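Trainee: Hey, got a minute? I'd like to go through the charged side chains in this one.
Mentor: Sure, pull it up and we'll take it bit by bit.

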Amino acid sequence: MKVLLHACCGPCLLEPFDALVAEHDVTVLYANPNIHPAEEYRRRRDTLLAYATGHDIEVIEERYDPTVWAAAVADVEDDPAERCRACFGLRLGIAARTAASLGMDAIATTLTVSPYQNQVAVAEAGHAAAAQAGITYIDADFRERYPEATRRSRELGMYRQNYCGCALSDLEAQAERAARREEREAKRAQRGAR
């Protein structure tokens with residue numbers, strides 16, 4: 001089966017690609033208009049391309065147009081869960097249309113390796129996009145492979161981002177990191193007061 005694998009970044013590509021290429025003819029698609037800012041988009045893309053080039057992996061890059069993402073999430077920006085659903089739908093829709101136009105049989109996504117993504121929402125978006133394009137969605141949950149992907153990406157010296165991609169997820173991740181830092185500092189202060 002000819003599969004177009006939507007990839008969000010290099011580290012997340014490692015394990016899903018290896019699992020799929022063992023059974024399918026896999027081409028990678030880098031289609032991520034959600035990533036902000038443009039420098040971050042290029043850094044993630046370049047990390048993925050460096051790995052792909054070194055391993056003879058074919059990669060197609062969709063044109064970067066963040067206005068497409070902004071339009072897709074315009075009505076749900078303030079609801080992180082719905083914003084992510086819209087984002088998954090956008091990116092997997094691009095993947096499904098691209099796969100169909102190239103005569104491929106199916107799509108899959110590296111988003112399913114992350115324990116931080118809503119796997120049900122990713123699967124729903126994938127099935128809907130594939131059905132609309134007349135192809136198959138490979139609903140593979142690669143989360144059990146996340147620790148190995150993390151280990152390998154560190155060993156390879158890959159750039160590893162600390163937020164999903166959009167400006168809003170960056171702000172949310174910064175707030176979460178700040179809250180964890182404050183919690184650690186409060187615990188240290190409590191221990192020091194004893």
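Trainee: Okay, what do the side chains of Asp141 and Arg143 do?
Mentor: They meet in a salt bridge, at 2.5 Å from N to O. Keep in mind that this is a predicted model, so the distance is computed from it.

Trainee: Is Asp141 buried or exposed?
Mentor: In between: Asp141 counts as partly exposed because its relative accessibility is 40%, and the cut-offs are under 20% for buried and over 50% for exposed. Arg143 is partly exposed too, at 35%.

Trainee: Got it. How many salt bridges are there in the whole structure?
Mentor: A search of the whole structure turns up 15.

Trainee: Which residue does Arg151 pair with?
Mentor: Arg151 forms a salt bridge with Glu148, and their closest N and O atoms are 2.5 Å apart.

Trainee: And where do those two sit along the chain?
Mentor: Both are in helix H6, which covers residues 146-155. They are 3 residues apart, so about one helical turn separates them.

Trainee: How much of each is accessible?
Mentor: Arg151 has a relative accessible area of 38%, so it is partly exposed. For Glu148 the value is 32%, which is partly exposed as well.

Trainee: Let's move to helix H7. What does Glu183 bridge to?
Mentor: Glu183 forms a salt bridge with Lys187, with the closest N and O atoms 3.4 Å apart. The two lie 4 residues apart in helix H7, about one turn of the helix.

Trainee: Are they buried or exposed?
Mentor: Partly exposed: Glu183 has a relative accessible area of 47%, and Lys187 has 42%.

Trainee: Those are pairs. Which residues are joined into one network?
Mentor: Glu15, Asp18, Arg145 and Arg152, through salt bridges that share partners.

Trainee: New topic: which residues gather in the patch of positive charge?
Mentor: Six arginines on the surface: Arg180, Arg181, Arg184, Arg188, Arg191 and Arg194.

Trainee: Take Arg180. Where does it lie?
Mentor: Arg180 is in helix H7, residues 167-193.

Trainee: Why can Arg180 count towards a surface patch?
Mentor: Patch residues need over 30% relative accessible area and no salt bridge. Arg180 is partly exposed at 44%, so it clears the area cut-off.

Methods:
Residues numbered from 1 in each chain as written. Predicted model: local features only at pLDDT ≥ 70, side-chain atom pairs only at ≥ 80, totals over all residues. Heavy atoms only, no water. Patch = residues over 30% accessible without salt bridge, like charges linked within 9 Å, V, L, I, M, F, W, Y side chains within 5 Å. Areas by Shrake-Rupley, 256 points an atom, 1.4 Å probe, with all protein chains shown as cover. Salt bridge = Lys/Arg side-chain N within 4 Å of Asp/Glu carboxyl O. Lys, Arg positive; Asp, Glu negative; His and termini not counted. Charge placed at Lys NZ, Arg CZ, Asp CG, Glu CD. Buried < 20%, exposed > 50% of the residue type's maximum accessible area, 1.4 Å probe, protein only.
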